[in-house]
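Here is a short note on the model, point by point. Please read it with the structure open beside you.

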Amino acid sequence: MKISLYLVIGAFFCLNLSALELHCKFEEVYQDNQQQNGLILIKNDHLRYQYYDSKLYTIIKNKYGSFLIPNYQKEKFQKINNNKIIDSLIKIYDDYPYIKNKYMINGMTLKIDKSLDTYFLKRIAIISEDRNLSIYFFDCEKININKKFFQVSPLFDFK
């Protein structure tokens, strides 16, 4: 009886971890010291990767695919296929809480630094033939995220 109770409690705990909803700020740092900042929202298999710069864009991954929306023209969007970085973030998130220190995905090497004081990652170093950069995550918090923030049209502002 005790073993069954522990299995049920353990399964519930694991289900709660896999259903983690996160909001983090990020900073991308490129090899030439350029930086871009933004926010990332994750809810199950949905992801929103949004740059703060109005000249850049927001990427939404939902059950319909991945979409690119220019921040300066939010009513326009285009479907994108095979965004290596977004697909990699989803793969890493799918492994939560058993995230590895290193991944080889889509021809890229991803080195992971786990955060000791938050629910997610501290840094992902991305090394590939196309690009080398680090993505730092900070101010991460578990919050309930409304699914409307993963819609493409209309694109709702997250504040």
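1. In which sense do strand E4 and strand E5 pair, and over how many bridges? The pairing of E4 (residues 57-62) with E5 (residues 65-70) is antiparallel, and six bridges hold the count. One of the bridge partners to look up is Ser-66 in E5, which sits opposite Lys-61. Keep in mind that this is a predicted model.

2. Now the overall layout. The protein chain has two helices and ten strands. Along the sequence, the pattern reads α-β-β-β-β-β-β-α-β-β-β-β. The chain has 159 residues, and 42% of them count as buried. Take the contacts between residues at least 6 apart in sequence: 39% of these join residues at least 24 apart.

3. The sheet is open and has ten strands. Its order is E6-E5-E4-E3-E2-E1-E10-E9-E8-E7, with antiparallel pairing. The edges are E6 (78-80) and E7 (102-105); each has a single partner strand, so one side of each lacks a neighbour in the sheet. On average, neighbouring strands are turned by 20 degrees against each other, direction ignored. As a reminder, strands of a sheet pair through backbone hydrogen bonds.

4. Helix H2 (residues 84-94) lies across E1, E2, E3, E4, E7, E8, E9 and E10. Against E8 (108-114), H2 runs at about 45 degrees.

5. Next, the nonpolar packing. The largest nonpolar core has 32 residues. Those with the most contacts inside it include Ile-40, Leu-89, Leu-110 and Phe-137. E1, E2, E3, H2, E7, E8, E9 and E10 each supply at least two residues of this core. H2 provides the largest share, six residues.

6. Phe-137 is worth a look. Leaving out residues up to four places away in sequence, Phe-137 touches Cys-24, Lys-25, Phe-26, Ile-40, Leu-89, Phe-120, Leu-121, Lys-122 and Ile-124. Apart from the largest core lies another one, of eleven residues. Among them are Phe-67, Ile-145, Leu-155 and Phe-158.

7. Last, the largest pocket. How much space lies in it? The volume is about 260 Å³. Its lining has 14 residues, and Tyr-51, Tyr-57, Asn-83, Ile-85 and Arg-131 lie nearest the centre. E1, E3, E4 and H2 each give at least two residues to this lining. H2 gives the most, with three residues. H2 thus appears twice in this note as a main contributor: to the largest core and to the lining of the largest pocket.

Terms used:
Residues numbered from 1 in each chain as written. Predicted model: local features only at pLDDT ≥ 70, side-chain atom pairs only at ≥ 80, totals over all residues. Heavy atoms only, no water. Pairing = 2+ DSSP bridges. Helix = DSSP H or I, 4+ residues; strand = E, 2+ residues; numbered from the N terminus. Axes fitted to C-alpha atoms, helices over the stretch in contact; angles between N-to-C directions. Contact = heavy atoms within 4.5 Å. Core = buried A, V, L, I, M, F, W, Y, C linked by side-chain atoms within 4.5 Å. Buried < 20%, exposed > 50% of the residue type's maximum accessible area, 1.4 Å probe, protein only. 1 Å grid on protein atoms, 1.4 Å probe; cavity = no way out; pocket = protein on both sides within 12 Å on 5 of 7 lines; lining within 4 Å. Points joined across faces, edges and corners; volume = space filled by probe spheres on them.
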